[in-house]
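This report is meant for a reader who is meeting the structure for the first time. Please look over the sequence and the model before reading on.

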Amino acid sequence: MAKRLLIVLILAVILPCSAALAQEDDATGFARDVQKQLADLVAKVSPAFVNFGGGSGIVVSPDGLVITNNHVAGRSNNWTVRMPGGPNGKRFTAKMLWKDTTGDIAVLQLETNGEKVPYIDMADSDKIRVGEFAVALGTPFMTANEDSVPTVSFGIVSAIHTNRGGYSDAIQTDAPVNPGNSGGPLINMKGELLGINGQIRVRFPYRVNTGIGLAIPTNQIKRFMETYKEVKDGSVVYHGMVNGLDLKKEPACAKGALVEKIKKDSTAEKAGFKVGDIITKVNEYDIYNYVRFHGVVGTYPEKSALQVTLLRDGEEKTLAVTLDRRGGGRASQVKSNPKAAFLGVVFSQVPNNDGVELQQVVPNTPADKAGMKAGDIITEFDGKKIENPDDIRKALGEKKPGDKVKVKVQRDGETLELEVELEARGNR
Amino acid sequence: MRNVFLLLVAAAFLSGAQPLYSQEEVGADNPMSRLQEAFRNAADKVENFVVSIDVERDASKPETADEEAPKPVLGREAQKRPGKYYRRPKGPVSGILISADGYIYTSWYNVRGDNIERIMVTLPDGSRLKAQRLGWDENTDIAVLKVDGKDMPHAEFTATDHLKPGHFVIVVGRGDDRLSLTVNSGIVSAVNRLEGRAIQIDAALNYGNTGGLVIDIDGKALGIACHVSDRAVTGQNSGVGFFTPQSKLAENLPLMKKGAVIPKEKKPFLGVQASDGAKDIEGAEVVRVLPNTPAAEAGMQDGDIVVEFNGSKIIDWDSLREEIAKTIVGQAVKLKVKRADKIVELDLTMGEKP
């Protein structure tokens, strides 16, 4: 009896401990399985990484089609790039096929001499769900420079359909993405390309990740690759837009995009749009407000034929429209001239070419002193109408430090006129 | 009366309100709970090895004799300057007990400089001890401290050969109150970085957890979080971080314990940033000349294309890099650059890579 009691007591002491141990091992074992899966995926996709020196790229076909950002590769039609393999990486020559300066994409062809190269598949980016895991490959801060083995970072898709100028339908991720990740892939848990990482939001003045990275979605890129598959001479290709179609700016409107004005003899008029139409769909994509309309249209090349579904007097109608050419972005990174006139803002394109939006006003610069604020939309600069970033770059380029310039900005629905005294850029 | 009212309120809650999420639905052993359990367990295993370090400095003196007190750096300069990018903030940093008799690893950056008045270590039990700075290795960014003690719990490091990109890592440091653990998670980003001296991770590293312990999902000690400094272009919490792995820690430990200083390897430095790989240009195109560097002092300009270096023809950035590597710090070299279709000759003295 005493012996039995002792055994029971011992069991009582041992059991809870071993149960706790088993649970811990189980949890750790499970975590090991998860990390093995991630490590295996990383090992499979990393060989398709392309190192552009200061930027990144990814191979998407066995014969060596490479996608990167225009702001990485746009300034040269011929490149020496490296892929993982050996202590210094494997060198390839790559030739520019075409570049999309607005959407910030460049497509190049590796010279492989008929050899097959490692590549990854392109996902259907319309199927992305917020919260899904994502892996970024790249060479942030040139970390991959020694052996061209990419830096891998891990996170989730934070948002989709983020509209920032040329990045009109961007995937937002919290996977750490930094300067040098540009042009590199964002990859899903099937090892497929979700998009090309190209922009980060930063906290002035530090150019490091803040948890907001933007990637250009594959479905947009696939559309351009299909449309421009015969273009192989490094030409610039263009995005589309509907000329003459003015939509009411109601970001909160969830029903569609309301047509406010139609310009005479414009594409919009010829396609049959009428004031008061509510656009509810572009091709298969639901349109819930004017931003999304421009976001969707921005993913198509010029001359694309789109079906636009709308409500007119309560009835559904479908219009066919062929897209006009949208103004270009930057050819490549513009070198800063210290003697050039300087404003001190970071801007982005506004949908429908209605001005440029100030994303940042740098403290203690002419823009700051003149009272400009982030969020302002510049519509006129020195008497010239400003429709897109190119306009303001051009207008600013014609000015000298010391010049006083009148600038019209829209703020909270009001138009303000400010006077800016330009300064020399210096090393800013 | 009041009780009745309370009962009514309670009844209303009980009958109508349903939580949006209940563990009963997903089960206590759902995958997410198990994953979080694994991370908690791993961090718990090393809790007793992680110490908090206060480095008390004489603020009226510069950190090192050859360096002025830090100035704030703004704008474009912050990205260009090879000097300081950030300012060392106030506050405690982290370190790891590595022996029963009180040897401690931390990041060299944490205890760098000549203006240190006192180093105080707070142990996990709250006791505060004065620490001695012994040796350090400027290449791996590791320093060794010593406190008096015996039978102290301490970390045993594991080899990192098994580690692959994509594996989980956890960085364990001490927080502002000197006692709370700070735990940041991430994955291995690359296994061979900084010429083999470091493993790269995407966990958030900052001034507080630098010197902290990097462990795997089993709670095994892999190395020390390092290379977060006021000179690191990667900044803090960027998702680009490094740790010095076990093999590199072991290499110079006996020397560092004896107080040896392993200085930074001197590498020749020109002071330019170039665009890599663009082949339409023959030569090495300089995108930026960094200020206060040999290139800047010799009058090199943004946009110059280096076509000859020290008598050797330069066809691309690779060949320039190779030629730079052949020189030594302090060597006089002649340079030919193409500027607006003219060839300009420059003389300069190679500097030291910061």
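Which residue takes a positive phi in the hairpin of S4(B) and S5(B)? In this predicted model, the residue is B:Gly126, whose phi lies near 95 degrees, in a hairpin that has 5 residues between its strands.

## Strand S5 of chain B and its partners

The hairpin just mentioned is formed by strand S4 of chain B, residues 116-122, and strand S5 of chain B, residues 128-137, which run antiparallel and are joined by 4 bridges. Within this pairing, B:Met120 is found opposite B:Lys130 of S5(B).

S5(B) is also joined by 4 bridges to strand S6 of chain B, residues 142-146, and these two strands again run antiparallel. Here B:Trp136 stands opposite B:Ala143 of S6(B), and the hairpin has 4 residues between the strands, with B:Asp141 taking a positive phi near 60 degrees. A further partner of S5(B) is strand S13 of chain B, residues 261-262, with which the pairing is parallel and extends over 2 bridges; in that pairing B:Asp137 has B:Ile262 as its bridge partner.

## Domains of chain B and the contact with chain A

The domain assignment divides chain B into domain 1, covering 32-265, and domain 2, covering 268-352. Taken over C-alpha atoms, the centres of domain 1 and domain 2 of chain B are separated by 36 Å.

Chain B contributes 42 residues to its contact with chain A, which in turn contributes 45 residues. On the side of chain B that touches chain A, helix H3 (31-46), helix H4 (76-80) and strand S8 (181-193) of chain B each supply at least two residues, and H3(B) gives the most, with 6 residues. By residue type, this side of chain B divides into 13 nonpolar, 15 polar and 14 charged residues.

## Chain A and its barrel

Chain A has 7 helices and 29 strands, and of its 428 residues 45% are buried. If one takes the contacts in chain A between residues at least 6 apart in sequence, 61% of them join residues at least 24 apart.

Six of the strands of chain A form a closed barrel, which runs S7-S8-S9-S12-S11-S10 with antiparallel pairing, and from one strand to the next the twist averages 45 degrees. Within the barrel order, strand S7 of chain A, residues 133-138, is joined by 6 bridges to strand S8 of chain A, residues 151-164, and the two run antiparallel. A:Phe133, for example, has A:Ile156 in S8(A) as its bridge partner.

## Helices of chain A

Helix H3 of chain A, residues 218-227, lies across strands S9 (167-173), S11 (193-200) and S12 (213-217) of chain A, and its direction is at about 40 degrees to S12(A). Helix H5 of chain A, residues 290-297, packs on the sheet as well, touching S8 and S9 of chain A and making about 120 degrees with the direction of S8(A).

The buried residues of H3(A) include A:Thr218, A:Gln220, A:Ile221, A:Phe224 and A:Met225. Seen down the axis of H3(A), the buried residues fall within an arc of 160 degrees, and they therefore line one face of the helix. In helix H7 of chain A, residues 389-397, the residues A:Pro389, A:Ile392 and A:Ala395 are buried; they cover an arc of only 130 degrees around the axis, so they are on the same side of H7(A). The face of H7(A) turned away from this buried side carries A:Lys394 and A:Gly397, which are exposed.

## Two residues of chain A with positive phi

Where in chain A is A:Phe141 found? A:Phe141 is in the loop between S7 and S8 of chain A, and although it is not a glycine, it has a positive phi of about 50 degrees. A:Phe141 counts as buried because it has 21 C-beta neighbours inside 10 Å, where the cut-off for a buried residue is 20 or more.

A:His161, by contrast, has its place in strand S8 of chain A, and its phi is near 60 degrees, again a positive value in a residue other than glycine. With 18 other C-beta atoms within 10 Å, A:His161 is partly exposed.

How values were computed:
Residues are numbered from 1 along each chain as its sequence is written. Chains are lettered from A and ligands numbered from 1 in the order in which they are written. This is a predicted model: local features need pLDDT of at least 70, side-chain atom pairs count only at pLDDT 80 or more; totals for chains, interfaces and linings use all residues. Two residues are in contact if their C-beta atoms, placed from the backbone, lie within 7 Å. Ala, Val, Leu, Ile, Met, Phe, Trp, Tyr, Cys and Pro count as nonpolar, Asp, Glu, Lys and Arg as charged, and the others, Gly among them, as polar. Two strands pair if DSSP finds at least two bridges between them. Axes are lines fitted to C-alpha atoms, for helices over the stretch in contact, and angles run from 0 to 180 degrees between N-to-C directions. A residue is buried if 20 or more other C-beta atoms lie within 10 Å of its own, exposed if 12 or fewer, and partly exposed in between; C-beta atoms are placed from the backbone. The arc is that of the directions from the helix axis to the C-beta atoms. Domain bounds come from an automatic or database domain assignment.
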